[in-house]
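Here is a short report for someone meeting this structure for the first time. Take a look at the model, then read on.

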Amino acid sequence: GVEMATPALVERLSDARARTVASRAVPQILESLRISGSRARELTPELNGIIAEIDDARVGVPSDGDGSLAIELGVTGTPVINRAFGRSTQHNQIKSIVISMIALLILGATMFRSLRLGFIAILPAGLTLLVNFGIMGWANMPLDPGTCMVAALSLGIGIDYAIHFLWRRRWRGLSLKETAQMVGPAILFNAVQVATGFGVMILADTVPLSRFGILVTVAMVVAAVATFSVLPIFESKDNDVANPKPKPA
């Protein structure tokens with residue numbers, strides 16, 4: 001019991017001693033500065049606090065010497081942690097996006113046996129990513145773990161719809177109109193369902209969850225729209241379908 005109580009007692013006694021020293025020193029300071037009356041009463045509480053802090057041994061102000069004091073200042077605590085966390089998040093976000101885009105390009109080029117089609121396949125994902133980051137900048141949304149996850153989801157959603165569209169067109173040898181008629185409803189309903197599911201999070205009281213719901217909802221809509229608007233622009237220039245299989249009867 002004594003061991004547990006001693007630190008608290010020492011702190012209490014130290015604070016009491018500091019207040020006592022301050023109460024004795026402040027009148028002498030005011031008198032030496034020729035401050036009295038209402039002005040002295042106004043300054044007394046502030047001076048009491050200052051003197052009490054100076055008397056605290058943890059401050060480490062020397063009591064002797066030539067009067068000069070070399071002080072080295074540094075920022076620590078929460079501000080430093082937040083700054084380091086922000087820099088780490090930004091660095092990891094850029095690195096993950098670059099690696100993901102390269103991996104998706106290789107995947108698309110391998111699947112369709114065409115580097116050009118690989119680039120076309122990642123266009124909806126890239127557009128979705130740009131729109132999301134644009135909304136974040138416009139709405140002053142910070143780059144935190146929640147918003148960072150949206151970037152990965154945007155890439156996955158965009159490439160998913162694009163591959164579904166291009167694979168059906170190439171494998172079946174369909175025209176753009178026929179492809180849109182065949183896969184359009186599936187992509188549209190999937191985008192609406194997932195966007196509705198994540199859209200519920202917009203109503204959350206927790207701000208990060210609400211932001212996450214907004215960005216994922218936007219990502220689903222943009223990815224679906226880009227699949228049916230961006231892909232046909234580039235695909236229309238390539239009317240040759242490599243080794244199309246005969247259409248089923």
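How many helices and how many strands are there in the protein? There are seven helices and zero strands. The model is a predicted one. Read from the N terminus, its elements run α-α-α-α-α-α-α.

## The whole chain

The protein has 249 residues, and 31% of them are buried. Its exposed surface is about 16400 Å². Carbon and sulfur atoms supply 64% of that surface. Now take the contacts between residues at least 6 apart in sequence: 71% of these join residues at least 24 apart.

## Two helices with kinks

Start with helix 1 and helix 4. The table sets out their values.

| Helix | Residues | Number of residues | Reach, first C-alpha to last | Expected at 1.5 Å a residue | Kink |
|---|---|---|---|---|---|
| Helix 1 | 2-32 | 31 residues | 44 Å | 45 Å | Ala25, about 25 degrees |
| Helix 4 | 115-138 | 24 residues | 34 Å | 34 Å | Leu123, about 35 degrees |

Helix 1 has a reach close to the expected span. Its kink at Ala25 comes shortly before a proline, Pro27. Which residues of helix 1 are buried? They are Ala18, Ala22, Val26 and Leu30. Just after helix 1, Arg34 takes a positive phi of about 60 degrees.

Helix 4 also has a reach close to the expected value. Where does its kink lie? The kink is at Leu123, shortly before the proline Pro124. Pro124 is itself buried. Other buried residues of helix 4 include Leu117, Gly118, Ile120, Ala121 and Ile122. Ala125, Gly126, Thr128 and Leu129 are buried too, and so are Asn132 and Met136.

## Around the ends of helix 4

Look next at the residues on either side of helix 4. Arg113 is in the loop between helix 3 and helix 4. Its phi is near 55 degrees, a positive value in a residue other than glycine. Arg113 counts as exposed, at 76% relative accessibility. At the start of helix 4, Ser114 makes an approach to the backbone. A side-chain oxygen of Ser114 comes to within 3.4 Å of the backbone nitrogen of Arg116.

What is the phi of Asn140, just after helix 4? Asn140 has a positive phi of about 60 degrees, although it is not a glycine. Asn140 is in the loop between helix 4 and helix 5. Is Asn140 buried or exposed? At 66% relative accessibility, Asn140 counts as exposed.

## Aromatic pairs

How many aromatic pairs does the structure hold? It holds three. One of them is formed by Phe112 and Trp167. This pair is tilted, with 6.2 Å centre to centre and 50 degrees between the planes. Phe112 lies in helix 3 (residues 78-112) and Trp167 in helix 5 (residues 145-172), so the pair ties together parts 55 residues apart in sequence. Phe112 is buried, with a relative accessible area of 10%. Trp167 counts as partly exposed, at 41% relative accessibility.

Phe165 and Phe228 form another pair. Their ring centres are 5.9 Å apart. Their planes stand at 85 degrees, so the pair is edge-to-face: the cut-off for that class is over 60 degrees. Which helices hold Phe165 and Phe228? Phe165 is in helix 5 and Phe228 is in helix 7 (residues 207-235). The two residues are 63 apart, and the pair links distant parts of the chain. Phe165 counts as buried, at 1% relative accessibility. Phe228 is partly exposed, with a relative accessible area of 29%.

## Leu153 in helix 5

Helix 5 also holds Leu153. Leu153 is partly exposed, with a relative accessible area of 33%. Which residues are in contact with Leu153, leaving aside its neighbours within four places in sequence? They are Phe212 and Val216. Leu153 and Leu129 are 24 residues apart in sequence. In space they are 9.2 Å apart, C-alpha to C-alpha. Leu129 is one of the buried residues of helix 4.

Methods. Residues numbered from 1 in each chain as written. Predicted model: local features only at pLDDT ≥ 70, side-chain atom pairs only at ≥ 80, totals over all residues. Heavy atoms only, no water. Helix = DSSP H or I, 4+ residues; strand = E, 2+ residues; numbered from the N terminus. Buried < 20%, exposed > 50% of the residue type's maximum accessible area, 1.4 Å probe, protein only. Contact = heavy atoms within 4.5 Å. Areas by Shrake-Rupley, 256 points an atom, 1.4 Å probe, with all protein chains shown as cover. Phe/Tyr/Trp six-rings, centres within 6.5 Å; stacked < 30°, edge-to-face > 60°. Expected span 1.5 Å × (residues − 1). Bend = angle between axes of the 7 residues up to and from the residue. Polar contact = N/O pair within 3.5 Å; in protein donor to acceptor, adjacent residues only side chain to side chain.
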